[in-house]
Amino acid sequence: MPELPEVEIVKQSLKRKIKDKKIIKVVVRNRNLRFKLQSNFEKNLTNRIVNKIFRISKYLILIFDNHKYCIIHLGMSGTVHLINKSKKTKITNLSFYKSKILPKKHNHIEIIFSKFKIIYNDPRRFGFFKILNNKHEFKSYFNKLGPEALNDDFNIKYLKKNLKNKKKNIKNLLLDQKFVSGIGNIYANEILFYSKINPKKKAQKINYKEINQLLKFSKKVLNLAIKFGGSSIKDFKNTKGSMGEFQKKFKVYEKDNEKCPRKKCSGKIIKIFISNRSTFFCNSCQN
DNA sequence: CCGTTAACCTGAGAGC
DNA sequence: TGCTCTCAGGTTAACG
């Protein structure tokens, strides 16, 4: 699920449900996520009240009443499900996989509250949960991340200063979380299309006009995706408006062989691989 | 220091 | 039907 907009939607949904609620019990079925789950994980969460829940780039962060932190990363295939205890109804289903029924064998963690529970499901196990003991650990954990794409410190000054010495292509740079955090493969492709920049272009050759375009569309595309509830989210209830439909707005992602969506462009969307990641762009207007 | 590649995992879909 | 191969929204250790 895991680019910034999808994680934001998960956060919003969770926040409404679990803020100020007490965790009664934690059940772990498989500790072998991307990093082995800490042995004191269950103990650290049990009987804790969730005081705060927020997001940093692609990470979810919970702060408990004892001032400890739990950070969550969804990896490639991690999904969070809220299930009401009484009716056994699934009130959210943030599902990457198209199958309606979630394979139970990948329900690795259950966090149980009094009236409902949260299930973490992750077939590929690239996601992880980690307890941080205090503010210092929290700060040092996140200081390796670059500015978040939606934040004010991802700005013209930052790009002017930091693009000129980068020899790698702009697409890889947008995916580099140490350079800018929150953007993943879908939105990197989309942002470059809107900005009319070839994904193979060397970052140091990005000119001033393109810097402005990149900034403008990074923020526009991510905000629009949040507005539409992220991409590929199904059965998403308890939210306002039409949600989880941004995949219908894709301009280039998985649109190879289609005509360029720009009316005045006669180009075609082509697919290439850049560092083993699928890359989609118009062979005419993204030069 | 830099940039690229391989590796971590499972499941879906294509091709034979 | 079943086998093999490729690909998937992420990150990072290891390498040149």
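1. Helix 3, residues 135–142, lies across strand 2, strand 3, strand 4 and strand 9. The helix runs at about 135 degrees to strand 9. The model discussed in this note is a predicted one, and the angles and contacts below should be read in that light.

2. The strands beneath helix 3 deserve a description of their own. They form an open sheet of four strands in the order 2-3-4-9, with antiparallel pairing. Strand 2 (50–56) and strand 9 (128–132) are the edge strands, each of which pairs on one side only. On average, neighbouring strands of this sheet are turned by 20 degrees against each other, direction ignored. As general background, the strands of a sheet pair through backbone hydrogen bonds, and the pairing may be parallel or antiparallel.

3. The pairings can be followed across the sheet. Strand 2 and strand 3, the latter covering residues 59–64, are joined in the antiparallel sense over six bridges; within this pair, Lys52 has Ile63 of strand 3 as its bridge partner. Strand 3 in turn runs antiparallel to strand 4, with five bridges between them, and here Leu60 is matched with Ile72 of strand 4. Strand 4 and strand 9 are likewise antiparallel and joined by five bridges; Ile71 has Lys130 in strand 9 as its bridge partner.

4. Strand 3 and strand 4 also form a hairpin, with four residues between them. His67, in the turn, has a positive phi of about 70 degrees. Most residues other than glycine have a negative phi. The student may therefore wish to inspect this turn in the structure, together with the two residues treated in point 8.

5. How many of the five residues of strand 4 are buried? Five of the five are, so the strand is largely enclosed by the rest of the structure. Tyr69, Ile71 and His73 point one way from strand 4, whereas Cys70 and Ile72 point the other way, and all are buried. Strand 1 (25–28) has another arrangement: Val26 and Val28 make up a covered face, and Lys25 and Val27 an uncovered one. Strand 1 runs antiparallel to strand 7, residues 107–112, and four bridges join the two. In this pair, Val27 stands opposite Glu110 of strand 7.

6. Helix 1, residues 4–18, lies across strand 2 and strand 3 and runs at about 170 degrees to strand 2. Helix 1 also meets helix 7, which spans residues 208–227. The axes of these two helices come within 9 Å and cross at roughly 35 degrees, and the crossing is right-handed. On the side of helix 1, the residues in contact are Leu4, Pro5, Glu8, Ile9 and Gln12; on the side of helix 7 they are Leu222, Ala225 and Ile226. By class, this contact comprises six nonpolar residues, one polar and one charged.

7. Ile23 is found in the loop between helix 1 and strand 1. Is Ile23 buried or exposed? With a relative accessibility of 1%, it counts as buried because the cut-off for that class is under 20%. Leaving aside residues up to four places away in sequence, Ile23 touches Leu45, Thr46, Asn47, Arg48, Val50, Phe64, Ile111, Ile112 and Phe113. Its C-alpha atom is separated by 4.8 Å from that of Phe113, although the two residues are 90 apart along the chain.

8. Two further residues have a positive phi although neither is a glycine: Asp20, at about 70 degrees, and Lys196, at about 55 degrees. Asp20 lies in the loop between helix 1 and strand 1. Lys196 is placed in the loop between helix 6 (185–194) and helix 7. Lys196 is partly exposed, with a relative accessible area of 41%.

9. Some totals for the chain complete the note. Chain A has seven helices and 11 strands. Of its 287 residues, 53% count as buried. Among contacts between residues at least 6 apart in sequence, 64% join residues at least 24 apart; the pair Ile23 and Phe113, 90 residues apart, illustrates such a separation. The accessible surface of chain A comes to about 14600 Å², of which 50% belongs to carbon and sulfur atoms.

Notes. Residues numbered from 1 in each chain as written. Chains lettered and ligands numbered in written order. Predicted model: local features only at pLDDT ≥ 70, side-chain atom pairs only at ≥ 80, totals over all residues. Heavy atoms only, no water. Pairing = 2+ DSSP bridges. Axes fitted to C-alpha atoms, helices over the stretch in contact; angles between N-to-C directions. Contact = heavy atoms within 4.5 Å. Left-handed = near helix turned anticlockwise from the far one by under 90°. Nonpolar A, V, L, I, M, F, W, Y, C, P; charged D, E, K, R; others polar. Buried < 20%, exposed > 50% of the residue type's maximum accessible area, 1.4 Å probe, protein only. Areas by Shrake-Rupley, 256 points an atom, 1.4 Å probe, with all protein chains shown as cover.
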